[in-house]
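Biologist: Could you take me through the places where aromatic rings meet other side chains? I'd love a close look at that one part, in plain words.

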Amino acid sequence: MEKYIIMGGIPLSGSVKISGAKNAVLPILAASLLSSGVTTINDVPRLKDVQVMKEVLEFLGCSVEWSGTTMKIDGSKVSSIEVSDFLMRKMRASNLVMGPLLTKFGMAKLSFPGGCAIGSRPMDLHLKGLATMGAKIEERFGFIEAVAPGGRLEGSEICLDFPSVGATENLMMAAVLAKGKTVISNAAKEPEIVELQNFLNKMGAKISGAGTDVITVIGVDGLSSTEHTVIPDRIEAGTFMTAAAITKGNIKILNANIRHMEAVVAKLREMGVKIIEEAGGIRVIGTDNIKAVDVKTMPYPGFPTDMQPQIMALLAVAHGTSIISENIFENRFKHVDELRRMGADIKVEGRIAVIKGKRSLSGTFVNASDLRAGAALAIAGLGAEDATIVDSIYHIDRGYENFEQKLRGLGAKIIRVTETNRTGIK
Ligand code: EPZ
């Protein structure tokens, strides 16, 4: 398996360009199934998860061309309504094709998305919403089969028990071709939801309210194709901000949208990190005196759960004791044991982690359990003494494009090896 070897203690400097947002492009690719022609998506990040979504679209019969960061998908070629167990297990977000398939073809069949390192990841909110729209849903032999009687879903009033991002996206897409009006209350408000609304409306959908907790969709008879450019990845931007902070560096983040990161920026400023909007980007300046703070992960616009492991790595070397409560996923502290191996003083009780800041962490062998945990361990390594070897970095490749190249561009000493080369970095 591939590993990173990271030599810590080098203050990052220079500028870094943020890639297109993984969690925006995945629902948009699923939505391209709804088009009657070829959809062009620009600024598509070259990520493992995007590769899997391409495989899912091709498995369904679409022709997909991906060159550089532009992807062209022909939604008129869909010839199947079933996603294989193999593909579903590769990536949970494959479940985002359920709404498009069901509303366009009247049927959808996919295997239960596997749980993952951060939780069981059920789909009950997706399925309850689709059933409210008239879908008949059967769960058997590990597959979910959904059928729209008469081939068309009914516009309905749906209230989500929890503002689930995926359920909001699936139900928005299901509603665009349903008969009549659908109102989704207690909807997720993430920027990626607004992005999906913009994309679908460019294809001819009639959606309003994304970004608020009530989204209204007026069903139409069909969608045409369009061209769209993906928004920058706010979690990648937050990850680089944390890397600059832990190394006491001074970097400029290009083309990130600070409006999408207010909770993260506010928390980092509270910790003493200087974050200044400049022409063409955001300046981030670390400090010797990182302050301990409390963090509660919440649905957007609250502090994002996808930044929880990264901020924990920073709090591990803050002055004082911090408390993190993880309110989104039931099991998103897998990175704690690995940070402890680096000397972090962290106690976990259920969904609460108490972090007692240390002067510094020390490099050692650690293992990434999932995407953001891997990023957090790389950040911890950048700030630690000596060398840190992060194993299972395929997790990081799922959500960060050219991660080590971008870090090297900021002066970090990081290399990717297939075998741990015990001599470390030359
Ligand atoms: C999206 O996952 C993101 N993934 C996740 O990012 C992110 O952590 C999450 O939203 C929360 O912001 C993509 O957009 C591809 P949810 P999603 O449905 O849609 C429970 C990353 O690192 N729930 O908002 O799967 C669920 O178990 C990834 O980029 C139900 O109970 O998240 C969780 O506890 C990780 N029933 C909570 O809701 C359901 O039917 C939030 O899940 C659906 C969800």
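**Rings and their neighbours**

Modeller: Let's start with Arg-46, which lies over the face of Trp-66, 4.0 Å from the ring centre. (A charge counts as sitting over a ring if NZ of Lys or CZ of Arg is within 6 Å of the ring centre and within 35 degrees of the ring normal.) Lys-109 does this too: its charged end sits over the ring of Phe-143, at 5.1 Å from the centre. Keep in mind that this is a predicted model, where local features need pLDDT of at least 70 and side-chain atom pairs 80 or more, while totals for chains, interfaces and linings use all residues. Numbering runs from 1 along each chain as its sequence is written, and side-chain values use heavy atoms, leaving out hydrogens and water.

Now for rings meeting rings: the whole structure has 3 aromatic pairs (Phe, Tyr or six-membered Trp rings with centres within 6.5 Å; stacked under 30 degrees between planes, edge-to-face over 60, tilted otherwise). Tyr-4 and Phe-403 have ring centres 6.3 Å apart and planes at 35 degrees, so they're tilted. Tyr-4 is in strand β1 (residues 3-7) and Phe-403 in helix α14 (residues 403-409), so this pair ties together parts 399 residues apart in sequence. (Helices, H or I with at least four residues, and strands, E with at least two, are DSSP runs numbered from the N terminus.)

Phe-403 also pairs with Tyr-400, again tilted, with 4.9 Å between centres and 45 degrees between planes. Tyr-4 and Phe-403 are both buried (under 20% relative accessible area; over 50% is exposed, in between partly exposed, using a 1.4 Å probe and protein chains only). Phe-403 has just 3%, and Tyr-400 is buried at 2%. Add Phe-240, and Tyr-4, Phe-240, Tyr-400 and Phe-403 make one aromatic cluster.
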